[in-house]
Amino acid sequence: MSAMTLALLEQARRYAENGNVQADKAFALVLENVAFNIEARTHLARTAMQSGKPETALEHLAVAVRVAPAKAALWRNLGLARMALE
């Protein structure tokens, strides 16, 4: 991961920790540089679910489980997103 991407990720984390609305934009920028970043995908999936957009959450989580299939929490969240679509 490049130094620029690491800096973007760190900024996104700070925004998220402080409840700053810029967190989603910062994590989206991370994905523009590293499309398979699980942390960014998980954050964006969580905020999508909170915003009533399970289809967007499902898209992010589908990528995340392909990248890290051993992470049980990703599969759980994917299942929750699928259930929210029903």
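**Exercise 1. How many residues apart are Arg13 and Glu10 in helix H1, and about how many helical turns separate them?**

Before you start, note that this is a predicted model.

Step 1. Count along helix H1: Arg13 and Glu10 are three residues apart, so about one helical turn separates them.

Step 2. Recall how a helix winds. An α-helix has 3.6 residues a turn, so residues three or four places apart point the same way.

Step 3. Now look at the side chains. Arg13 and Glu10 form a salt bridge, with 3.3 Å between the closest N and O atoms. That fits the cut-off, because a salt bridge needs a side-chain nitrogen of Lys or Arg within 4 Å of a carboxyl oxygen of Asp or Glu.

Step 4. Check how open the pair is to the surroundings. Arg13 is partly exposed, at a relative accessible area of 29%, and Glu10 is partly exposed too, at 34%.

**Exercise 2. Trace the network of salt bridges that links Glu10, Arg13, Arg14 and Glu39.**

Step 1. Begin at Glu10, which forms a salt bridge with Arg14, the closest N and O atoms being 3.7 Å apart. Both sit in helix H1, four residues apart, which is about one turn of the helix.

Step 2. Go to Arg13, which forms a salt bridge with Glu39, and here the closest N and O atoms are 2.8 Å apart. This pair links distant parts of the chain: Arg13 is in helix H1 and Glu39 is in helix H3, 26 residues apart.

Step 3. Add the accessibilities. Arg14 counts as partly exposed at 37% relative accessibility, and Glu39 counts as partly exposed at 32%.

Step 4. Compare with the whole structure: a search finds three salt bridges.

**Exercise 3. Work out which residues of H1 are buried and where they sit on the helix.**

Step 1. Check the length of helix H1, residues 3–17. Its 15 residues should span 21 Å at 1.5 Å a residue, and the end C-alpha atoms are indeed 21 Å apart.

Step 2. Pick out the buried residues of H1: Thr5, Leu9 and Ala12. Looking down the axis of H1, you'd find them within an arc of 60 degrees, so they line one face of the helix.

Step 3. See what they touch: the buried residues of H1 pack against helix H2 (23–33) and helix H3 (38–50).

Step 4. Turn to the face of H1 pointing away from the buried side, which carries the exposed residues Ala3, Met4 and Glu17.

Step 5. Follow the chain out of the helix. Just after H1, Gly19 takes a positive phi of about 70 degrees.

**Exercise 4. Do the same for H5, then find the nonpolar surface patch that Leu80 helps to make.**

Step 1. Test the length again. At 1.5 Å a residue, the 14 residues of H5 should span 20 Å, which agrees with the 20 Å between its end C-alpha atoms.

Step 2. List the buried residues of H5: Leu74, Leu78 and Ala81. Seen down the axis of H5, they fall within an arc of 60 degrees, so they line one face.

Step 3. Find their cover, which includes H3 and helix H4 (54–67).

Step 4. Flip to the face turned away from the buried side, where H5 carries the exposed residues Ala72, Arg76 and Met83.

Step 5. Finish with Leu80, which lies in helix H5 (residues 72–85) and counts as partly exposed at 34% relative accessibility. Together, Met49, Leu80 and Met83 make a nonpolar surface patch of about 270 Å².

Key:
Residues numbered from 1 in each chain as written. Predicted model: local features only at pLDDT ≥ 70, side-chain atom pairs only at ≥ 80, totals over all residues. Heavy atoms only, no water. Patch = residues over 30% accessible without salt bridge, like charges linked within 9 Å, V, L, I, M, F, W, Y side chains within 5 Å. Areas by Shrake-Rupley, 256 points an atom, 1.4 Å probe, with all protein chains shown as cover. Helix = DSSP H or I, 4+ residues; strand = E, 2+ residues; numbered from the N terminus. Buried < 20%, exposed > 50% of the residue type's maximum accessible area, 1.4 Å probe, protein only. Expected span 1.5 Å × (residues − 1). Arc of directions from axis to C-beta. Contact = heavy atoms within 4.5 Å.
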